[in-house]
Amino acid sequence: TLESIKIIEIPKIEDKKGRGNLSVIEKDSIPFAVKRVYYLYDVPSNAYRGGHAHKNLFQFLIALSGSFDVVLDDGIKKTTITLNKPNKGLLIPKGIWRELENFSSGSVCLVLASEEYDEEDYIRKYKQFLKYKG
Ligand code: T46
């Protein structure tokens, strides 16, 4: 359900000598072990990504630069979350339909994933998703 989706604050270390910020994600920051990392970049502002759900995959999304919207749907309710801070990540558990849109120019979406890439884990048809949830 949508209640299982969480914004997780990533600790930010602000440099006292004005050298900028450092954020770190460690073992206990997110509720899964990371098996894969990928990132979306050079995404045109009118493009949309996602448009699927996962049977088992948990993911943690971070807007490393710029901003984009994530539309989340558990088959009953929908919510939109804007990611625009490198020190805030979005935890998307399994079984949630997601669509990413409104990418600002130069935005980068970093994704930490709980599993290796497996096309079998995708539900890419919305009707099939509703059936799976139902
Ligand atoms: C998700 C959103 C946020 C790979 O070969 N390995 C990978 O690890 C991934 C993620 C993708 N691919 C291939 C599969 C497709 O041929 O790259 C191509 C584009 O993948 P897709 O259309 O699934 O890309 P997005 O941006 O729509 O979705 C991706 C993830 O697949 C998905 O899990 O939640 O980013």
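For what follows, Ala, Val, Leu, Ile, Met, Phe, Trp, Tyr, Cys and Pro count as nonpolar, Asp, Glu, Lys and Arg as charged, and the others, Gly among them, as polar. I start there since the ligand comes first today. Please keep in mind that this is a predicted model.

The residues around the ligand are Arg36, Tyr38, Leu40, Arg49, Gly50, Gln59, Arg98, Leu100, Val111 and Tyr117. By class, this shell divides into five nonpolar, two polar and three charged residues. Where do they come from? At least two residues each are supplied by β4, which spans 36-40, by β5, which spans 49-54, and by β10. The largest share is that of β4, with three residues.

Now the overall chain. The unreviewed UniProt entry carries the annotation "domain: Sugar 3,4-ketoisomerase QdtA cupin" for residues 5-133. Over that range, 45% of the chain is strand and 6% is helix. The C-alpha atoms at its two ends are 16 Å apart.

Next, the strands. One open sheet has five of them, in the order β8-β7-β10-β5-β12, with antiparallel pairing. At its edges are β8, residues 78-83, and β12, residues 122-123, and each of these pairs on one side only. Inside that sheet, six bridges connect β7 and β8 in the antiparallel sense. Val70 is the residue opposite Ile81 of β8. As a general point, side chains in a regular strand alternate between the two faces of the sheet.

There is further pairing around β9. Strand β1, residues 6-9, runs antiparallel to β9 and is joined to it by four bridges. Ile7 has Leu90 of β9 as its bridge partner. β6 also pairs with β9, again antiparallel and over four bridges. There, Gln59 stands opposite Ile92 of β9. Gln59 was on the earlier list too, as one of the residues around the ligand.

On to the interior. Which members of the largest nonpolar core touch the most other members? They are Leu61, Phe68 and Leu83, in a core of 17 residues. Two or more core residues come from each of β6 (59-65), β7 (68-73), β9 (88-92), β10 (97-101) and β11 (108-113). β6 gives the most, four residues.

Take Phe68 as an example. Leaving aside residues up to four places away in sequence, Phe68 touches Ala63, Leu83, Leu100, Glu101, Asn102, Phe103, Ser104, Ser107 and Cys109. Leu83 in that list is another of the core residues that touch the most other members. Leu100 appears in the shell around the ligand as well.

Last, two backbone details. Most residues other than glycine have a negative phi. Asp42 has a positive value, near 55°, and is not a glycine. Asp42 lies in the loop between β4 and β5. Is Asp42 buried or exposed? Asp42 counts as exposed, because it has 10 C-beta neighbours inside 10 Å, and the limit for exposed is 12 or fewer.

The other case is Asn102, also not a glycine, with a positive phi of about 55°. Asn102 sits in the loop between β10 and β11, and it is among the residues that Phe68 touches. With 17 other C-beta atoms within 10 Å, Asn102 is partly exposed, because buried would require 20 or more.

That covers the ligand shell, the strands, the core and the two loop residues.

Note on methods:
Residues numbered from 1 in each chain as written. Predicted model: local features only at pLDDT ≥ 70, side-chain atom pairs only at ≥ 80, totals over all residues. Core = buried A, V, L, I, M, F, W, Y, C linked by C-beta atoms within 7 Å. Contact = placed C-beta atoms within 7 Å. UniProt positions renumbered as here; feature names shortened; annotations may be inferred. Pairing = 2+ DSSP bridges. Near = placed C-beta within 6 Å.
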